[in-house]
Amino acid sequence: MAATLRIQSDWSQALRRDEGEAWLSCRSPGKPTLYGRLTRRGLSTEGVPDIAASEGFVVGEVTKKSILISCPHENVSTKFLAPYTTFCRIHQKSITCLDISSGGGLGVSTSTDGTMKIWQAANGEIRRLLEGHVYDVNCCRFFPSGLVVLSGGMDAQLKIWSAEDASCVVTFKGHKGGILDTAIVDRGRNVLSCSRDGTARLWDCGKSACLGVIADCGSPVNGIAVGTADNSLNLGTPEKAPSEREVGTEGKILLLAREDKKLQGVGLQSRQPVFLFIGSDAFNCCTFLSSTYILAGTQDGNIYQLDVRNTNSPIQVIHRSGAPVLSLLPYRDGFVASQGDGTCFIVQQDLDYVLDLTEADCDPVYKVASWEKQIYTCCRDGIVRRYQLPEL
């Protein structure tokens with residue numbers, strides 16, 4: 001594991017003040033943590049702070065919302081990014097999930113205040129309140145059209161909503177425990193859900209019916225992802241002919257992030273197991289980087305990158321802290337990850353530094369969503385943060 005740079009969460013505010021200071025640290029496995037500080041010396045003619053670093057750290061490019069820091073001794077660089085805007089009034093309590101519509105105009109989020117809301121992505125202005133779940137809503141996402149929302153709750157119900165008038169158009173029942181994650185197959189005639197009851201189910205939106213149990217794991221399934229499988233992968237053959245109501249399941253693989261430390265791949269149409277990988281702790285989330293490469297994050301802070309054609313050993317394991325990995329999102333040539341200690345970072349193949357999205361302090365960042373160059377995060381502190389990414 002490489003060294004990790006950290007910065008004071010409110011560094012951008014601290015360095016706005018004359019002679020303002022912010023702390024830094026560089027942690028490397030098996031070595032004492034190196035501590036330092038940044039000090040503002042003044043302003044450039046463009047209004048950008050002139051920042052100096054203490055011994056052992058080097059300041060690179062500085063803008064009003066970002067600062068590039070290096071620790072040459074550990075050969076590590078991180079660009080820290082402050083939020084472009086924050087939305088504090090969408091929910092009263094912790095925000096557990098969010099998504100942004102395909103056109104970038106709308107956001108949807110769920111909270112422990114018991115509400116699910118649709119809001120303007122540009123300014124956080126609330127447009128619709130989606131009411132109908134009993135107890136907490138765990139997950140929400142837009143269909144590819146951006147006009148319809150899929151949600152799953154602790155009431156074991158899966159619901160489809162109109163984003164235009166907030167009506168609940170479909171309710172699916174069948175799970176015996178709270179729904180923890182959902183996925184949408186292609187344009188959304190079929191959807192998937194996973195639950196504390198240990199199952200993943202496929203649903204037909206048109207008929208409001210369950211098309212089958214894709215997997216029964218005997219352990220809660222915390223996260224799922226569906227993707228097109230590499231052609232060389234044997235996905236198995238269905239035991240019986242699929243229903244004509246199944247649309248777009250052929251050639252797809254379903255990933256299951258399981259509580260019992262297992263990451264499983266299942267042929268979506270065949271319902272046959274494709275692989276089973278055992279990790280260091282409970283798997284919380286998973287995603288596809290491509291038809292061959294997948295990512296999965298664990299409760300003890302590991303992010304495994306695997307090749308679905310050979311899951312015997314991971315391509316790499318990224319470990320920045322021991323905090324739970326809560327969310328993984330493919331982004332350009334890499335991914336965004338968020339953790340239970342407030343860290344949220346972006347890794348890109350061709351960048352020699354990590355991008356760190358700051359300001360959540362030590363509050364868990366539960367979910368990350370993106371639209372073009374904007375990243376949205378939601379957090380236990382009840383704030384949605386929007387980051388404007390620099391040219392990568």
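**Y135.** I began with the exposure of Y135 in this predicted model, and I noted a relative accessibility of 61%, which is over the 50% cut-off, so I count Y135 as exposed. I then looked up where Y135 sits and found this residue in the loop between β12 and β13, the latter covering residues 137-142. I also asked which residues form a nonpolar patch on the surface with Y135. I found V134 and M154 there, and I wrote down about 300 Å² of accessible area for V134, Y135 and M154 together.

**β11 and its cover.** I turned next to strand β11, residues 116-120, and recorded that four of its five residues are buried, which leaves the strand mostly covered.

**β10 with β11.** I followed the pairing of β11 with strand β10, residues 106-111, and found an antiparallel arrangement over five bridges. As one register point I noted L106, whose bridge partner in β11 is Q120. I entered β10 and β11 as a hairpin with four residues between them, and in the turn I marked G114 for its positive phi of about 85°.

**β11 with β12.** I then went on to strand β12, residues 126-129, which runs antiparallel to β11 and is joined to β11 by three bridges. Here I took W119 as the register point, since I could read its bridge partner in β12 as I126. I entered β11 and β12 as a hairpin too, with five residues between the strands, and in this turn I marked G124, where phi is positive at about 75°.

Definitions and conventions:
Residues numbered from 1 in each chain as written. Predicted model: local features only at pLDDT ≥ 70, side-chain atom pairs only at ≥ 80, totals over all residues. Heavy atoms only, no water. Buried < 20%, exposed > 50% of the residue type's maximum accessible area, 1.4 Å probe, protein only. Helix = DSSP H or I, 4+ residues; strand = E, 2+ residues; numbered from the N terminus. Pairing = 2+ DSSP bridges. Patch = residues over 30% accessible without salt bridge, like charges linked within 9 Å, V, L, I, M, F, W, Y side chains within 5 Å. Areas by Shrake-Rupley, 256 points an atom, 1.4 Å probe, with all protein chains shown as cover. Salt bridge = Lys/Arg side-chain N within 4 Å of Asp/Glu carboxyl O.
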